[in-house]
Amino acid sequence: SSIKKEIAESEGKNGELWNLDPSVRVVVRIRPINGEEKEVDPTVRKVSSDSLSVGDRKFTFDSVLDLNSNQEDVFQLIGVPLVKDALTGYNTSILSYGQTGSGKTYTMWGPPSAMVEDPSPRSHQGIVPRIFRMLFSEIQREQENPDGKQINYQCRCSFLEIYNEQIGDLLDPTQRNLEVKDDKKNGLYVENLTEEYVSSYEDVTQILIKGLSSRKVGTTTVNSKSSRSHIVFTFIIESWCKGVSSKCFSSSKTSRISLIDLAGLDRNKLEDVGRQHVQEDKNVRKSLSQLGYLGNTLAEETQPEKPEDSPCGGSCLTHILRESLGGNAKLTVICNISADNRNISEILSTLRFGQRIKSVRNEPVINEI
Ligand code: ADP
């Protein structure tokens, strides 16, 4: 009867069965219009802290951040719990989704110039640098505490790009066609991907700035720089007790933070943009639709079909996201939408994607070794 009660409570949101799994959260962020755009669409409205309406359709998610939300609000909502979970030993992921120009990159990284500054609510610094500032200050606090559990931490990270169905190394741009491997010992990993050991916030920001500057971007009419690739920043934390200490109750732990910024779809007419762009666009479309499909399949608790015809076997993206989506991780998806009134069909498609993801179930566990 408690299951029945749970189902009864969860029905009615979006007219569907609502997944109560707190390990998959979907947050919508509406970005303000900029100088080139004419007016905010009056039909796109935040209705409450977790719902918005588009025309006469109402959508409910875990949270909705409106035009007035700043980067600190996003961090408090998503980043602070992520850091706590990561230090507890959970795998955590953020996936930033939306059409080109909807604010994915801004929300995740912010401008490179803002990465080095102290974060303030008004700073443009994105959620990712804020996460690592907090993470290293938590680690330092723990290590300086004489009554603490004397834990040692070792952190390393990698940064990859999926462009035209090929995996490239953003920390070594000469490596362009890497392969995903899967074995019993290491699980899923990308062969030959550069891993850098890091021990401070400054180490991480240097790597982020370097990696982001190597990302493939194109020029579109929507936005002068559109991201033509999916990028994934992975950060691994290993922790263990220093020596034998009676204060040390927990065993060694390892956890992974995956931060994913997806390529956006452009609204350009294909004939305007040249052949290379058409191929890029086809690959972006294919991988995003496979991701949506994966969301559906996982929600139905069946195995995704064995994908074909790409170096990764189907879509590199779905391969790389296997842990984050339907696996051992706590996932937050940020659906970015722009309030500009020319975007209604893209807004609806982004919100539908968010709904599909919300029905995925993950199974995070604390990764003790
Ligand atoms: P995307 O990565 O989705 O293509 P961007 O993050 O590059 O989009 O955002 C497009 C433009 O809008 C950029 O100039 C960015 O600085 C600006 N922008 C995006 N979101 C916001 C926001 N919440 N507040 C202010 N400016 C924003």
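## An exposed asparagine with a positive phi

In this predicted model, Asn 192 has 12 C-beta neighbours inside 10 Å, and because a residue with 12 or fewer is classed as exposed, Asn 192 counts as exposed. Its place is in the loop that runs between strand 10 (187-190) and strand 11 (196-198). Although Asn 192 is not a glycine, its phi is positive, at about 70°. Most residues other than glycine have a negative phi.

A second asparagine, Asn 164, also has a positive phi, near 50°, in a residue other than glycine. Asn 164 lies in the loop between strand 7 (151-163) and strand 8 (166-169), and with 18 other C-beta atoms within 10 Å it is partly exposed.

## The protein as a whole

The protein has nine helices and 16 strands, and of its 369 residues, 42% count as buried. Among the contacts in the protein with a separation of 6 or more, 71% are accounted for by residues that stand 24 or more positions apart.

One pair of residues that are far apart along the chain can be followed in space. Pro 42 and Ala 339 are 297 residues apart along the chain, while their C-alpha atoms are separated by 8.5 Å. Pro 42 has its place in the loop between strand 1 (24-31) and strand 2 (44-48), where it is exposed, with 8 other C-beta atoms within 10 Å.

## The surroundings of the ligand

Which residues are the closest to the ligand? They are Arg 31, Gly 103, Lys 104, Thr 105 and Tyr 106, out of 16 residues that surround the ligand. By character, the residues of this shell divide into two nonpolar, twelve polar and two charged. Helix 3 (104-108) and strand 13 (226-227) each supply at least two residues of the shell, and helix 3 gives the most, with three residues.

An unreviewed UniProt entry places the feature "binding site" at Gly 98, Gln 99, Thr 100, Gly 101, Ser 102, Gly 103, Lys 104 and Thr 105. Of these annotated positions, Thr 100 is found in the loop between strand 6 (92-97) and helix 3, and it counts as buried because it has 24 C-beta neighbours inside 10 Å. Thr 105, by contrast, lies in helix 3, and it too is buried, with 25 other C-beta atoms within 10 Å. When its neighbours within four places in sequence are left aside, Thr 105 is in contact with Ser 227 and Asp 261.

## A buried residue of strand 15

Ile 260 has its place in strand 15 (residues 253-261), and it counts as buried because 24 C-beta neighbours lie inside 10 Å. Leaving aside its neighbours within four places in sequence, Ile 260 is in contact with Ser 93, Ile 94, Leu 95, Ser 96, His 230, Val 232 and Leu 321. A further distance concerns Val 217, which is 43 residues from Ile 260 in sequence and 16 Å from it in space, C-alpha to C-alpha.

## Two helices examined by length

How far apart are the end C-alpha atoms of helix 2 (residues 71-88)? They are 25 Å apart, and this agrees with the 26 Å that its 18 residues should span at 1.5 Å a residue. Helix 2 nevertheless bends by about 35° at Leu 77, and a proline, Pro 81, follows within four residues. The buried residues of helix 2 are Gln 71, Val 74, Phe 75, Leu 77, Ile 78, Gly 79, Leu 82, Val 83 and Ala 86, a list that includes Leu 77, the residue at the bend. Just after this helix, Gly 89 takes a positive phi of about 115°.

Helix 9 (residues 344-358) can be treated in a similar way: its 15 residues should span 21 Å at 1.5 Å a residue, and its end C-alpha atoms are 21 Å apart, which agrees. The buried residues of helix 9 are Glu 346, Ile 347, Thr 350, Leu 351, Phe 353, Gly 354, Gln 355, Arg 356, Ile 357 and Lys 358.

Conventions
Residues are numbered from 1 along each chain as its sequence is written. This is a predicted model: local features need pLDDT of at least 70, side-chain atom pairs count only at pLDDT 80 or more; totals for chains, interfaces and linings use all residues. A residue is near a molecule or strand if its C-beta atom, placed from the backbone, lies within 6 Å of it. Ala, Val, Leu, Ile, Met, Phe, Trp, Tyr, Cys and Pro count as nonpolar, Asp, Glu, Lys and Arg as charged, and the others, Gly among them, as polar. The expected span of a helix is 1.5 Å times one less than its number of residues. The bend at a residue is the angle between axes fitted to the seven residues ending there and the seven starting there. A residue is buried if 20 or more other C-beta atoms lie within 10 Å of its own, exposed if 12 or fewer, and partly exposed in between; C-beta atoms are placed from the backbone. UniProt positions are given in the numbering used here, feature names are shortened, and annotations may be inferred rather than shown by experiment. Two residues are in contact if their C-beta atoms, placed from the backbone, lie within 7 Å.
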